[in-house]
Amino acid sequence: MKYVIFIWICVYVNCCFGQQSIKGYVLDLRNNQPIYAASITVENSFQHVQTTTDGLFYLDDISKGDHILKISKEGYQTLRLPVVVTGEENIDLGEIFLEVDLVELQQENNITLSDTDFTDDVDTDFSSGSLQATRDIFTTRAAFDFSQSFFKIKGYDAKYGDVLINGIRMNRVFNGRPQWSNFGGINDILRNQEDFYGLEATPYNFGGVLGTSYINTDPSKFRPGMRISASSSNKSYRGRFMATYSSGLKNSGLSYSISASRRWGNEGFVDGTLYDAFSVFGAVGYQLKNKHNFYVSAFYTPNRRGKSAAITEEVFELVGRHYNPYWGMQNGVIRNSRIRKIEEPIFMFNYEFSGMKLQANLAAAYQFGKYSSSRLGYYNAASPNPDYYRYLPSFYINNPLGANFENANLARDGFVNNPQVHWGNLYNANSEENKSASYLLYDDTTDEQILSFNGNASYTFTDYFKLDGGFQYANSESQNYGQLTDLLGATFHEDIDPFSETKNDVNGSVHKIEGDKIGYHYDMNTIRYEGFLQVNFQWERLAFFGSIRSSNTSYQRNGLFLNERFPITSLGKSEKLSFSNISYKGGITYTLNNRHRFSVLGTRTNMAPTLQNSFVNARENNKVVESLKSEEITSATLSYYLNLPQITMRLTGFYTTFSNGTDINYFYVDAGVGSDFVQEVVIDIEKRHLGGELGFTYQATTEIKLSAVASYGDYRFTDNADVQINFDTVGAENELINLIGTLDLGEATLKDYKLSVGPQKAFSVGVDYRSQHYWWVGATANYLADNYVDISAIKRTQSFLQNPEGGSFPNATPEAVEKLLVQERLTPVYLLNLTGGKSWLIGKKYLSVFASVNNLFDVSYRTGGYEQSRNANFEQAFNDVQRGAPQFGNKYWYGYGRTYFLNFAISF
């Protein structure tokens, strides 16, 4: 033991006598102004400081040897500066200039949020990337190029990544995904962002397998001055105006920032998809003695967006990729029946402590408001959906009594000439006096209040050992109900289930008017808390971290409507679901030298099932998914990093398994088990994600940069899953189902089917030309392949082969079944994207113009799709495809054609 102590004393003495301090000033190259809060890090150690208001930084006790100082600040190019410490005298680096990051100027107003709530209600979230691209070329390309085709990094769902604002987790309680619309339109404010990719260690939380994005809205950190921008696009919105002012840190310690924006458009690239959004942000901070920092921030981003839907190939052939069945003209104005509205202001308070050893943050947040999504309801009347299968030519071609081509041609002409919602006809159908509404418009509404607390701290014991830890707590109280918003000319609505003729609200009035709650009404309480602890060790070339998290999530439903179909389970509180989990994560990084670095990261993570997949049909009853378990995730990555003067590269291999997964789907089914509106519950889902990523850049000249990016994946089910069907029991045809309400269909043969998670292979090459006169152009050529439609689980159970009349289907040979159930792989797509821009410095004013064109050649392509489950027995499905015009064929989403984005900005 004494020899160990002697060695440590020698090391300590050597370090003390070989240590020096380093200081310098960080300035803006274009105007010589000091840069406040620039980050100065000594690579391969935990030494880190920030510049003061006059741009000064001071690093103390730097050990003898060769070091790399990493100097970074949002909006500027990162600088890596070699420094040799001789141990003889302190080092004064003098003035260090950072150059404005033209890459950020190219991207700053072209951010594509990962938000697909404007599509139909099927699970199809876009790329699970962050609010803006990082400096990593792979994630940048994934966010801005690959996302055009529903690409997901590593094939992961967005719920496996955490988005933190000032430490508060912003992932939505319902499905675990970030709800980007809650902070859309305040792009200028969200730029102070740190991204921790994949399984990397983060000091703020344990993190998900997709990583963590940490956004800081401290007003003292924002670049001081005014910024005004105006944009035009033909993608989601048509116009945008944004203005932001930040004071910077005053001598008094005060700082503040305000921002506002407006985005609008009667429709985007897809017909009838209106966009109407406002955003406001405000923050005030006070800093005391450079150690204590208090700030409050608030943002309110009310928005309305028109949804669009997936369509069959038949509909696409008739009316094209712009088609959207949800809208129609009313009095000369576009009216979309599916409008998503969000009004959820957020208030936050933060306290930060910055000491020599200790960094700490305490945060509290309160979020409240309303999330709603409208839809047309119809009762004892024909479907108002213009692309309803009975209105299309295939209905007459596939008639069991024989094809009727005359009626098929009439249906074709009628649909092509008038393919939208007939609002006038709906009002006419409701015009009869003393008759309940045949058609109405209602909102699926959630009123939610969320109270959140967070605390995290980092303590640096030495330059080589650091400890991180923290906790999170969130309590969500939501009220969920259908709200009648428009009777469409009728005087009342009779709140009765059309399938079973039973009351939805036994204790309330059957007759409902506008503003009343209809269909369902229940409360949901969710409580989630977690704590994590992380150790970090870094000594010369070797770095290690290990992290552990303990978490608990609980759900409880409280039914407020007594539903006649579920007299026992609809009213009152459900059992309380509680999931306690322990998760582990760790990694080792070895730095061969400043050019070559290797890392191995791994995790064993347990996640509670989402609220979305915990209750079978929360709108109507308290029934919980049987055998519900936490999801288990095992993941490992191996990475190699190359950093040469002209070349940077990251090569990563990854392997991830997901087990105990659950998925719930809702649809109308015609099958051997009966015909009804059902809830399909798929449990014990096993998946595997295997693949690799490459990001490569080559600075060919001072003006030309070449890049290449590749993602190669194999994402598939690794085992079969169990399927249960839940019926509205009163309306079910099967007596057994009437008694138990649930039918266990047994195993679905899902093993080795591919996951529908976007392209599993993506490749891109790019070239950028950057002039010394501050203008640039760039082009990327992208290839996206191996994109599969989502399969129907019920079609892969034994019930699919069950003949309702007894026995088996005579033509259901193994070859015929295999051919019918082959999973569709979408056609690969090539996309060419262009960007360009110019910036000027006139006096103290920055002016910039940026333009981009995506899908230059206007390629028509499918971004995703799913099998319909209505024909859930072999004979129906087989007959449906025989004539080449299936009524219930796969439905697809189509990518945007040629789109543009144009932005002008001025900063002063």
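This tour proceeds through selections in a predicted model, taking two open sheets, a set of paired strands and one helix in turn.

**First stop: the sheet containing β1**

Select β4 (56-62), β7 (91-98) and strand β1 (residues 20-28). These belong to an open sheet of three strands in the order β4-β1-β7, and the pairing is mixed. Because β4 and β7 stand at the edges with a single partner strand each, one side of each is left without a neighbour in the sheet. Neighbouring strands here are turned by 20 degrees against each other on average, direction ignored. Between β1 and β4 the pairing is antiparallel and extends over five bridges. To locate one of the paired positions, display Lys23 together with Tyr58 of β4, its bridge partner.

**Second stop: the sheet containing β48**

Next, select β18 (311-312) and β47 (862-866), the edge strands of another sheet, each of which pairs on one side only. Add strand β48 (residues 891-894); the open sheet then reads β18-β48-β47, with antiparallel pairing. Two bridges join β18 to β48, and Thr312 can be seen opposite Lys891 of β48.

**Third stop: strand β13 and its partners**

Now select strand β13 (residues 239-246), in which six of the eight residues are buried, so the strand is largely enclosed by the rest of the structure. Add strand β12 (residues 225-233), which runs antiparallel to β13 and is joined to it by eight bridges. β12 and β13 form a hairpin, with five residues between them. Strand β14 (residues 254-265) is also antiparallel to β13, and eight bridges join these two strands. Which residue of β13 is the bridge partner of Ile228? The partner is Ala243. Ala243 also stands opposite Ala260 in β14.

**Last stop: helix α6**

Finally, select helix α6 (residues 405-417), whose 13 residues should span 18 Å at 1.5 Å a residue; the end C-alpha atoms are 18 Å apart, in agreement with this. Show the side chains of Ala408, Ala411 and Phe415, the buried residues of the helix. Viewed down the axis of α6, the buried residues fall within an arc of 60 degrees, so they line one face of the helix. An α-helix has 3.6 residues a turn, so residues three or four places apart point the same way. On the other side of α6, Glu406, Leu410 and Asn417 are exposed. Add α4 (313-319) and α5 (393-397), which are among the elements covering the buried residues of α6. At the start of α6, zoom in on Asn404: one of its side-chain oxygens reaches to within 3.3 Å of the backbone nitrogen of Glu406.

Conventions. Residues are numbered from 1 along each chain as its sequence is written. This is a predicted model: local features need pLDDT of at least 70, side-chain atom pairs count only at pLDDT 80 or more; totals for chains, interfaces and linings use all residues. Side-chain values use heavy atoms; hydrogens and water are left out. Two strands pair if DSSP finds at least two bridges between them. Helices (H or I, at least four residues) and strands (E, at least two) are DSSP runs, numbered from the N terminus. Axes are lines fitted to C-alpha atoms, for helices over the stretch in contact, and angles run from 0 to 180 degrees between N-to-C directions. Buried means under 20% relative accessible area, exposed over 50%, partly exposed in between (1.4 Å probe, protein chains only). The expected span of a helix is 1.5 Å times one less than its number of residues. The arc is that of the directions from the helix axis to the C-beta atoms. Contact means heavy atoms within 4.5 Å. A polar contact is a pair of N or O atoms within 3.5 Å; within protein, one must be able to donate a hydrogen and the other to accept it, and residues adjacent in sequence count only if both atoms are side-chain atoms.
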